[in-house]
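Subject: Structure handover

Hello,

I am passing the structure on to you, with notes on what turned up in it. Please look through the coordinates before reading on.

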Amino acid sequence: MNSRSMPSSARAARLKPSQIREVAELGMTLPDVTPLWFGESAWPTGEIAVQAAISALSGGDHFYQPNSGKISFRNAICQYLESWYEQPFERSRITVTASGMQGLALTAQALIDPGDQVVCIEPAWPNMAECFQIAGADIRTLALDIVDDQWTLDLDHLISLITPSTKALVINSPSNPTGWVMPAADQASLLEHCRKTGTWIVADDVYARLYRHGPVAPGFLALATPDDRLISVSSFSKAWSMTGWRLGWITAPAELEATFAMLTEFNIAGPSGIIQQAGERMIIDGESEVELLTQRLQAGYAQVEACLEAIPTVRFVRPEGAFYCFFAVDGMSDSVSFAKTLLHDAKVGLAPGRAFGPAGEGYLRLCYAQPSSTLEPALERLRRALTR
């Protein structure tokens, strides 16, 4: 029996490979391609986390951890959240996860039964809706619009889609790939409506600290009570440049603490103590690392904005957060093929818009979390290719 005929579950058979990965794996076989396809910064993790991990390793932190995470780490996360959202947070609301992705997967497992209706906003990171589909959700989508050269959500339309039959609404703000940020007033209106319908809000907050207009983006955590049906998923990957460490956390009502602990036990039994100690030190002492990254991102964004706005064939829409530019190209109808062509013509690797759902077709995503020495030549090659 060959591998193609090996049996698998219907759930596994339905999965589709990542089109971002499809472009990236081709680009990795070609010489001199500048990779701007993945969502991670070019800078390594700061020494605060590295030294904490070394100390934990040499100190013998080699054993199983509590399913919900180290108590000291969870307490540190509570203090961190209180400093930004001006609300009290109890440790019972915090579950440590092995990445934001795992946080979303655990949330889907905790909330969703087959056939449950879930509403998602597009364009969106494909993994977000996919983990809810794997759990059996019936996904409904609403696309962002562009109004006055800004990504905009039709709040009235969204509210009309959310009924007592809607189990969960998944919102990523700041958004990957668009950089859209949901205003606080809209969040308040949406939260009030979801209270009436009994709908869970799942907030993907992994880019919360990468907001172009302040140190933290508007968040549901600043508005919700501890008992609201709100689950926030956060990650150390983006703001703290810790993608490879695989560390994050869930903030949820305390009544879900035991549920998440059991799901963690049956998935990976929790991140290692070494990684958790690194995260704890970073969240306590690493604010300078976040500030340094945001300064670097401001410089990178300025370069990309200047380049893309000057290309006649490009429709540039300013992002409000995250570290991407999601731009349209005149005449492009197949973003996957176009991204592959750019690998050869411009030696630049971008993520195809189609990977982010049907609403993303016609666009390309560029991650600008790179030093000027990388962006400058890559943007010049991209400019020449798109001008042609």
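The notes below go through the sheet, then a helix pair, then the nonpolar cores.

First, a caveat on origin: this is a predicted model.

Sheet

The sheet is open and has seven strands, in the order β2-β10-β9-β8-β7-β3-β4, and its pairing is mixed. Strands β2 and β4 (138-143) form the edges, each pairing on one side only. From one strand to the next, the twist averages 20°.

At one edge, β2 (residues 94-97) pairs with β10 (residues 248-251) in the antiparallel sense, over four bridges. Within that pair, Val-96 stands opposite Trp-249 of β10. The side chains of β2 split in two directions: Ile-94 and Val-96 point one way, Thr-95 and Thr-97 the other. Are these four residues buried or exposed? All of them are buried, on both sides of the strand.

At the other edge, β3 (residues 117-122) and β4 run parallel and are joined over six bridges. One of the bridge pairs there is Glu-122 with Ala-143 in β4.

Helices

Helix α5 lies across five strands of the sheet, namely β2, β7 (166-172), β8 (200-204), β9 (230-235) and β10. The direction of α5 is at about 160° to that of β9.

Helix α5 (residues 100-111) also packs on helix α9 (residues 257-267), with an angle of about 115° and 10 Å between the axes. Their crossing is right-handed. On the α5 side, the contact is made by Gln-102, Leu-106, Thr-107, Gln-109 and Ala-110. On the α9 side, Thr-259, Phe-260, Leu-263, Thr-264 and Asn-267 take part. What is the make-up of the contact between α5 and α9 in nonpolar, polar and charged residues? Four of its residues are nonpolar, six are polar and none is charged.

Cores

In soluble globular proteins, nonpolar side chains tend to be buried together. Here the largest nonpolar core has 102 residues. Which of its members touch the most others? They are Leu-190, Trp-240, Phe-327 and Leu-382. Leaving out residues up to four places away in sequence, Leu-382 touches Leu-308, Phe-327, Leu-342, Ala-346, Val-348, Leu-350 and Leu-366. Phe-327 is thus on both lists. Another core, of 26 residues, lies apart from the largest one and includes Leu-111, Val-118, Cys-131 and Phe-132.

Regards

Conventions. Residues are numbered from 1 along each chain as its sequence is written. This is a predicted model: local features need pLDDT of at least 70, side-chain atom pairs count only at pLDDT 80 or more; totals for chains, interfaces and linings use all residues. Side-chain values use heavy atoms; hydrogens and water are left out. A nonpolar core is a set of buried Ala, Val, Leu, Ile, Met, Phe, Trp, Tyr and Cys residues joined through side-chain atoms within 4.5 Å. Buried means under 20% relative accessible area, exposed over 50%, partly exposed in between (1.4 Å probe, protein chains only). Contact means heavy atoms within 4.5 Å. Two strands pair if DSSP finds at least two bridges between them. Axes are lines fitted to C-alpha atoms, for helices over the stretch in contact, and angles run from 0 to 180 degrees between N-to-C directions. A crossing is left-handed if the near helix is turned anticlockwise from the far one by less than a right angle, and right-handed if clockwise. Ala, Val, Leu, Ile, Met, Phe, Trp, Tyr, Cys and Pro count as nonpolar, Asp, Glu, Lys and Arg as charged, and the others, Gly among them, as polar.
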